[in-house]
Amino acid sequence: MKQLADGVFQLGGFPPNAINAYLIDDILIDASTRFATRRILRELQGHDLAAHALTHAHPDHQGASHAVCERYGVPFWVGEADAAAAENPDLIGARQPDHFLAQFFAKTMTGPAHHVDRTLREGDEVGSFKVLDTPGHSAGHVAFWRESDGVLVLGDVLNNMDVLTAIPGLTEPKGFLTPDPEENRRSAKKLGALEPKLVLFGHGAPLRDTKKFADFVAGLPD
Ligand SMILES: [Zn+2]
C-alpha cells in the first residue's frame, strides 16, 4: 500500500494503476474484480477497517466487496441509486449498455451480492471526506471529496488511462461502459470546478496537476 495524502492510501494492483482501490482513513473505497479478492485481502492485512464503500456498483469495483465485508465484519456503503445493483448483481449487467464487451465484463468479473448497510448521497460524510453525487457512468455513482487538502476520489467519472489499451492519459470513460455519457459529462464538470489538488481514479495513476485536470474538463463538450 502506498500513502498518497494524509490518511489516504492506494492499494497495490497488477498491472499497477489499472484497477484501483483506496483506503481513506479506515474505509476501503472500491474492491476491484472478483479475481483480485485474495490480493485485496492481503493488502488490507495489518490495517484497521471500519467500513467499505463503492464509487459505483460495477464489476471492476465491487468484485471483492462481499469477501472484504465478510472477513472484516464491516458495513457496506453504496450510492443510493446503485444499492439495488450491489445487492443483486444481475442488475449490473442489465444496466450496462447492450455491448458485447460490457456484457462480457459483467458476466466474468462481477463479484457476489452483498447487503448494503448505508446508502450514500450528496453531502454525507465518509471518514474525513464528503460524498458528491456524480451520476452518468452509473446511476448511483458517487465521488469522495476532502476540501481541506483538495483530495478527490472520482471513481470512473474520468479515467487516467485507456481501460482497453492501458495507454496513460485523461479520457472520458468508454461509452460502451457508460449508460448516460451526457450526464457523466455534467458530473465531470462539477468535479472540475472543485480544482482538486490530487485526483484518484478508478483506472489510471493519481494526478497532482490541477490545471491539467481543470483544462481537460473545461475542454469537454457541453
Ligand atoms: Zn471501472
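## A walk from the zinc site outwards

Both histidine 61 and histidine 203 are buried (under 20% relative accessible area with a 1.4 Å probe and protein chains only; exposed is over 50%, partly exposed in between). Before we go on, a word about the model: it is predicted, local features need pLDDT of at least 70, side-chain atom pairs count only at pLDDT 80 or more, and totals for chains, interfaces and linings use all residues. Residues are numbered from 1 along each chain as its sequence is written, and side-chain values use heavy atoms, with hydrogens and water left out.

Those two histidines help hold the zinc ion, which is coordinated at 2.0 to 2.3 Å by Asp60 (OD), His61 (NE2), Asp156 (OD) and His203 (NE2). Donors here are N, O and S atoms within 2.8 Å of the metal (3.2 Å for Na, K and Ca); water is not among the atoms, so sites may look incomplete. Along the chain, the donors are spaced as D-H-x94-D-x46-H. The histidine pair links distant parts of the chain, 142 residues apart: histidine 61 sits in the loop between strand E5 (51–53) and helix H2 (65–72), and histidine 203 in the loop between strand E14 (198–201) and helix H7 (210–218). Helices (H or I, at least four residues) and strands (E, at least two) are DSSP runs, numbered from the N terminus.

Two of the zinc donors, Asp60 and His203, turn up again at the largest pocket: together with Ile19, Met109 and Val163, they are the closest to its centre of the 27 lining residues. A pocket, on a 1 Å grid over the protein atoms alone, is an open set of points where a 1.4 Å probe fits, with protein on both sides within 12 Å along at least five of seven lines; lining residues have an atom within 4 Å of a point. Helix H5 (100–109) and strand E12 (159–161) each give two or more residues to this lining.

Now to helix H1. Its buried residues are Thr37, Arg39, Ile40, Leu41 and Leu44, and they pack against strand E3 (22–24), strand E4 (27–29) and H2. After H1 comes glycine 46, with a positive phi near 85°.

What is serine 138 in contact with, leaving aside its neighbours within four places in sequence? The partners are His56, His58 and Asp82, where contact means heavy atoms within 4.5 Å. Serine 138 lies in the loop between strand E9 (129–133) and strand E10 (142–146), and it counts as buried because its relative accessibility is 5%.
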